[in-house]
Amino acid sequence: MERKPYYITTAITYTSGKPHIGNTYEIILTDAIARFKRNQGYDVRFQTGTDEHGQKIEEKAAAAGVTPKQFVDGVAAQIRGIWDLMNISYDKFIRTTDADHEKQIQKIFQKLYEQGDIYKSTYEGMYCTPCESFWTPSQLKDGKCPDCGREVKPAKEEAYFFRMSKYADRLLQYYDEHPDFILPVSRKNEMVNNFLKPGLQDLCVSRTSFTWGIPVSFDPRHVVYVWLDALSNYITGLGYDADGNSDPLFAKYWPADVHVIGKDIIRFHTIYWPIFLMALGLPLPKQVFGHPWLLMDGNKMSKSRGNVIYADELVQVFGVDAVRYFVLSEMPFDNDGNITWELINDCVNADLANTYGNLVSRTAAMARQYFGGELFDRGAAEPVDAELKGMAAALYGKVADKMDAFKISDALGEIFSFLRRCNKYIDETAPWQLAKDPEKRDRLATVLYNLAEGVVIASSLLQPFMPDAAAKALRTFSSPQRAYADLGKFGLLASGTKVEDCGHLFRRQNYKDVEAQYAAMHPDHAEEKPAKADAKAEKKGHPAPAYPEAISIDDFAKVRMQVGEVVASERVKKSEKLLKNTVKIGQETRTVVSGIAKFYTPEEMVGKKVIVVTNLKPAKLCGIVSEGMILCVEDAAGNLSLLSPEKEMESGSGIY
């Protein structure tokens, strides 16, 4: 039977510099979806690549003393190297400097011009070079770029414009007819209310103030502006030809099933790109998924802030699959995720070394010890087996439902819930006790067989997320990756299957060892700690961290702080640092995760009045959604103390 095509893409990465782990998250996310779809039997086409034109590149190349092409060649190779390091299974890596792409962009531009969708005029406005965007004064935020917050400069130049307003009503109608076109839905509401309903302005699609771009074929003083160039990669990478002579790949895979992009470029992919396609007479992509950001200790990663983490450094310490697992498991569907070196270490120790790795190694070790490394289903079933088998049989369906909704973290959560159930099954059946009674040998064999079967089912489902670790676990039980169509069946391992000694899947690390490895990678900053972006105030000779610029009372008023009473508290199993607190705030009760476990026990927390920031966006920490922040004070030695009202105050009271 012919496989159904499935076309998935990432945004193409801008070649201004090395991508950090927040950028790398997107390619790992998309790879997991692509691998899962392949395992389901789809004919997957997975495209990624690099965006290589623009004024910013021209300026960076000049500063480096090289040509723009030499500059982007180096950065594109670095990006591709990181993608390969992270075991990304892309089918096409496109560069916007590819000759076939550039030729098609010229054809597309001319076609749109000849049919009247592009016209020449003059643009005058405020220009942000990093974002490559023009803004009117009313669109600026505090006089700066509304997207990145950087300085803008007045600019005036002749340019070609695309008639966006011509297609606005048609796009709104498409939104109404395809309610799942934009995910999450909150992103769609933003596009409608902030951009479409107020009225679309015509879009500048050429520039004359720099030369590093694709020349307009009929007016070579102009180069094609970034969005028409970059967005069209999704069709040029399939061999689209504006003259009507497209490659068969285009007919096979277009329209795309999903564009996976960051939430910061949702406007370009759900307004500009669909309108370009409408003008070209092409079908629109089926879905655009705007994923949230991966924050560093609660802040957006930025080289200027110095709070950047790179994937290749994390891999040196934790390994490829551990890094893949962390970013996929900790990123919520709609809200931003959080990353620090310490959070990764806690997650690896708890989930990967303990829950998954320990299950595999214990099961294999007992099979070798009690049965010479062979597995047998003796049919000696007991009632406790039914729950394990039922959970195993239902697992694929649950995971597939989550993956279809792009809730990747939740999909992994289902698998690890099952792995934890397998570990509980060991405690319930106590194989070491069964081994003491010769009459229970069949029962012992059946228990170990059930555990191995559970590992094979879970590892087959984990392959898209952790390809190498899952393959190693499957080799341990001499099993190929199981077809997803067979995952609802329990008991497919043949009796007599050999158990191999494949070593440990993951290793536990003390966080001090992680700090030592970080210091070895950064010998010029050996005193820095990797857990947080900012150094401790005056700690070990470091200067106090630079605070943000002065804010107005209106800015301060945006932060809502209230008195809360901790009514319950417990340690987070995945972390040595975190407490999960249940906090009563007036008539409302919230879960707030706090990194204070080294300074307060759960018993000490219960009954305390604390100050809570209550209008922060929810964040996911070690799999728990935290709905606020408990405020603490920290001294130069790194000691923490809770902030509490001086006098007895009711919970819910506001801080002014």
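## A walk through the strands, rings and cores

Let's start with a facing pair of residues: T50 stands opposite R95 in β4. Before going further, keep in mind that this is a predicted model. T50's neighbourhood is a good place to begin, since several strands meet there. Strand β3 and strand β4 (residues 92-95) run parallel and are joined by 4 bridges. β3 also runs parallel to β1, this time with 5 bridges between them, and here P5 stands opposite D43 in β3. A further parallel partner is strand β2 (residues 13-14), joined to β3 by 2 bridges; look for Y14, whose bridge partner in β3 is D51. With these partners in view, how many of the residues of β3 are buried? The count is 9 of 9, so to speak a strand that is mostly covered.

Staying in this region, turn to the aromatic rings. The structure holds 29 aromatic pairs. In one of them, the ring centres of Y6 and Y42 are 5.7 Å apart and the planes meet at 65°; an angle over 60 degrees counts as edge-to-face, so that is how this pair is classed. Y6 belongs to strand β1 (residues 5-10), while Y42 sits in the loop between α1 (21-39) and β3 (43-51), so the pair ties together parts that are 36 residues apart in sequence. The two rings can also be described by their accessibility: Y6 is buried, at 7% relative accessible area, whereas Y42 is partly exposed at 21%.

Y160 and F218 make another edge-to-face pair, with centres 5.8 Å apart and planes at 85°. This pair links distant parts of the chain, 58 residues apart: Y160 lies in strand β7 (residues 153-162) and F218 in the loop between β10 (206-207) and β11 (223-224). Y160 is buried, with 3% relative accessibility, and F218 is partly exposed, with 30%. Elsewhere, ring pairs link Y7, Y234, Y240, F250, Y253, W254 and W273 into a cluster.

Some rings have a charged partner. R207 lies over the face of Y127, 4.2 Å from the ring centre. In a second case, the charged end of R378 sits over the ring of F376, at 4.4 Å from its centre.

Now for the nonpolar interior. In soluble globular proteins, nonpolar side chains tend to be buried together. Here the largest nonpolar core has 119 residues, and those with the most contacts inside it are I21, F318, L328, Y356, L462, F465 and M466. Helix α13 (residues 341-371) supplies the largest share of this core, 15 residues. Which residues does I21 touch, leaving aside those up to four places away in sequence? Its contacts are L294, M301, I309, Y310, A311, L314, V323, V327 and I339. Apart from this core lies another, of 66 residues, which includes Y160, Y175, V205 and L231.

Further along the chain is an open antiparallel sheet of 5 strands, in the order β20-β19-β18-β21-β24. Its edge strands, β20 (588-594) and β24 (629-630), each pair on one side only. Within the sheet, strand β18 (residues 561-571) and strand β19 (residues 579-585) run antiparallel and are joined by 6 bridges, with E565 opposite K584 in β19.

Finally, visit helix α15 (residues 408-429). At 1.5 Å a residue its 22 residues should span 32 Å, and the end C-alpha atoms are 32 Å apart, which agrees. Just after α15 comes A430, whose phi is positive, near 45°.

Notes
Residues numbered from 1 in each chain as written. Predicted model: local features only at pLDDT ≥ 70, side-chain atom pairs only at ≥ 80, totals over all residues. Heavy atoms only, no water. Expected span 1.5 Å × (residues − 1). Phe/Tyr/Trp six-rings, centres within 6.5 Å; stacked < 30°, edge-to-face > 60°. Buried < 20%, exposed > 50% of the residue type's maximum accessible area, 1.4 Å probe, protein only. Lys NZ or Arg CZ within 6 Å of the ring centre and 35° of its normal. Core = buried A, V, L, I, M, F, W, Y, C linked by side-chain atoms within 4.5 Å. Contact = heavy atoms within 4.5 Å. Pairing = 2+ DSSP bridges.
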